[in-house]
Amino acid sequence: MSEALMRGNGAVGEGVEKTVREEVWRRAALSLYATRTEDKRRSRGKKKKGEIHYRGLHDAVTEVDWDFTRFAAHALTVVPDDVYPRFYRFIDIDARKYLLLNSDERPREGSAVTELKGRLQAIVDAGADGLRAEKHGRVWHVYIPRENWYVVVSKPTNGWSVHVPLKGYWVESEFPEVLVRTPPDVLRSLQKGWVLTDVTPPRGRFSDVSFATTQPWQLPSTLASFPSDDIKLGVTAGILGSTRLSIQWHARVYGYEEALSWASRLIGEVKRAEFRRLVEECKALNGDPVALFTGFLGDGGLEYFLRLRWLYFKVGHELLYLPAESAIVNARLAVERASEYVRFVSLVTKCPKVKHFLYVGYGMLQKRGRKNGQRNNTFYAEVAGARLHLVYISTKNHVYARIAVEAVPQGWVEEARAQGWDVRVVNMGGREYYQVTHSSLFEHARSDTELRATLLAFAKHKAEQYPKAQSLVERLEKLGTED
């Protein structure tokens, strides 16, 4: 739909308003009920094969839940011991407690998820004809009957975007100083890159550092640069995009009003001009490579350039880039100076920009080889007639059984759950798996001799690498002696 149509009036304007109402209703229905839609996009003139998942409400929340689980599991391997007690409070108590899933994979009562579900349901119940749309500048406001909130709809270049607002879900938290070995001047450079891109500094009557994101990886990546014991964290919207529903986080960090007083003027075009200057100075090898790194995390571009050792940045509709020579030099300097931050972000997030930044500086990363003659893991558990791969998570000292979603026979999930298995859906590296929980495996091992023998062999295999897995060996051996 062209911008001219969006500005239309009369019959054309009514047609646009009807399209907006129908699109809002369709996306709300998809987010609640659909699991996948046919991919009708074209690539280089050819129709893409197969289907794509539409990530609805349950998938979006499960993805956030998994990101926090991964965050907790991997972050604690790089956080200094003296920071651990405060850091774990952010992960375990605050964020997960008021937003994410219960153990039975249903949204918590009174959570932001429940409110979002109710608002999506209100749109669906109203139907396309029951929604009222009004043009406000470049966006549409869509009003729902008998509700005191409205949806903001825009159509950027690449597709529709529908914002469903959420109010009041804020918690007080803290994010301790995890970069304890990073010099203060390097920390200030990390902050500068974020301030020039996705972060709004304190200004005027606003004393907080603030940012909003739909990408969970950005929460720890940004907050690590702005440690504080005074943070307010909230979920402010559900974003209905072209192919999925996302949850929008909003963070407010206090305590930087004086430290970032220099940045109070950085809004609008002034901020963009400073960002251009940062890129140009780094291109001339006379800039701040650490600030360039977090600037790349904020506004770097990846779409077409993953295999090139160049760095691209988006400033509005403008594209800036660093050619290979200066990009390589700056990437290496940034990793050298901010090594603790790079390690933290690369281990606790799935952000592809970090991988690309390392690729630019050091070339294609090699796959890690196996140490001390480690064998490939070929252990499988039989669950409801299917073979599931056994995996061990050392940080939890737990064993899970997984199988790719597309690999299971039809009706397998229903049959497994009918047999009492606790089967959940997890996302690993962009691929979905059915996963049987640790407790469910051990519960069935009480009565299933073959499963118990398999788990015991697997636990002994892992105990060779991880001494704490010996406790699983002892537990399984004890199961074998019970009546």
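Ser326 is buried, with a relative accessible area of 4%, and its place is in helix H10, residues 324–337. That is one small spot in a predicted model of a protein with 483 residues, 50% of them buried. The secondary structure comes to 16 helices and 20 strands. Welcome to a short tour of the cores, the cavities and a few individual residues.

**Overall build**

- Among contacts between residues at least 6 apart in sequence, 64% join residues at least 24 apart.
- Ser326 offers a local example of contacts beyond its sequence neighbours: leaving out residues up to four places away, Ser326 touches Cys282, Lys283 and Leu285.

**Nonpolar cores**

- In soluble globular proteins, nonpolar side chains tend to be buried together.
- Here the largest nonpolar core has 104 residues, and those with the most contacts inside it are Phe71, Phe87, Phe175, Tyr341 and Phe344.
- Helix H3 gives the largest share of this core, 8 residues.
- What does Tyr341 touch, not counting residues up to four places away in sequence? The list is Leu179, Leu190, Trp194, Ser221, Ala224, Ser225, Phe293, Thr294 and Leu297.
- Another core, of 32 residues, lies apart from the largest one; Trp412, Ala416, Trp421 and Leu472 are among its members.

**Cavities**

- How many cavities of 30 Å³ or more does a search of the whole structure find? The search finds 2.
- The largest cavity holds about 50 Å³ of space.
- Its lining is made up of Arg55, Asp59, Thr62, Glu63, Trp66, Val425, Val426, Asn427 and Glu432.
- Two elements give two or more residues to that lining: helix H3 (57–75) and strand E19 (423–428). The largest share, 4 residues, comes from H3.
- By residue class, the lining of the largest cavity divides into 3 nonpolar, 2 polar and 4 charged.
- About 50 Å³ in the largest cavity can be set beside about 30 Å³ in the second largest.
- The second largest cavity is lined by Ala60, Glu63, Val64, Thr214, Pro216, Leu245, Ser246 and Ile247. H3 and strand E12 (245–254) are the elements that give two or more residues to this lining.
- The lining of the second largest cavity divides into 5 nonpolar, 2 polar and 1 charged.
- Glu63 is named in the lining of the largest cavity and again in that of the second largest.

**Helix H5**

- Helix H5 covers residues 112–126, 15 residues in total, and reaches 21 Å from its first C-alpha to its last, close to the 21 Å expected at 1.5 Å a residue.
- Which residues of H5 are buried? They are Ala112, Val113, Glu115, Leu116, Arg119, Leu120, Ala122, Ile123 and Val124.
- An α-helix has 3.6 residues a turn, so residues three or four places apart point the same way.
- Charged residues also appear among the buried residues of H5, including Glu115 and Arg119.
- Gly127 follows H5, and its phi is positive, near 75°.

**Positive phi outside glycine**

- Arg146 has a phi near 65°, a positive value in a residue other than glycine.
- Arg146 is found in the loop between strand E6 (139–143) and strand E7 (150–154). With a relative accessible area of 80%, Arg146 is exposed, because exposed means over 50%.
- Ala384 also has a positive phi, near 55°, and is a residue other than glycine.
- The loop that holds Ala384 runs between strand E16 (380–383) and strand E17 (386–393).
- Is Ala384 exposed or only partly exposed? Ala384 is partly exposed, with a relative accessible area of 21%; buried would need a value under 20%.

**Asp229 in strand E11**

- Asp229 is found in strand E11, residues 228–240, and is exposed, with a relative accessible area of 56%.
- Asp229 and Pro176 are 53 residues apart in sequence, while their C-alpha atoms are 6.6 Å apart in space.
- Not counting residues up to four places away in sequence, Asp229 touches Arg86, Ser173 and Glu174.

Definitions and conventions. Residues are numbered from 1 along each chain as its sequence is written. This is a predicted model: local features need pLDDT of at least 70, side-chain atom pairs count only at pLDDT 80 or more; totals for chains, interfaces and linings use all residues. Side-chain values use heavy atoms; hydrogens and water are left out. On a 1 Å grid over the protein atoms alone, a cavity is a set of points where a 1.4 Å probe fits but cannot get out, and a pocket is an open set with protein on both sides within 12 Å along at least five of seven lines; lining residues have an atom within 4 Å of a point. Grid points are joined across faces, edges and corners, and a volume is the space filled by probe spheres set on the points. The expected span of a helix is 1.5 Å times one less than its number of residues. Buried means under 20% relative accessible area, exposed over 50%, partly exposed in between (1.4 Å probe, protein chains only). A nonpolar core is a set of buried Ala, Val, Leu, Ile, Met, Phe, Trp, Tyr and Cys residues joined through side-chain atoms within 4.5 Å. Contact means heavy atoms within 4.5 Å.
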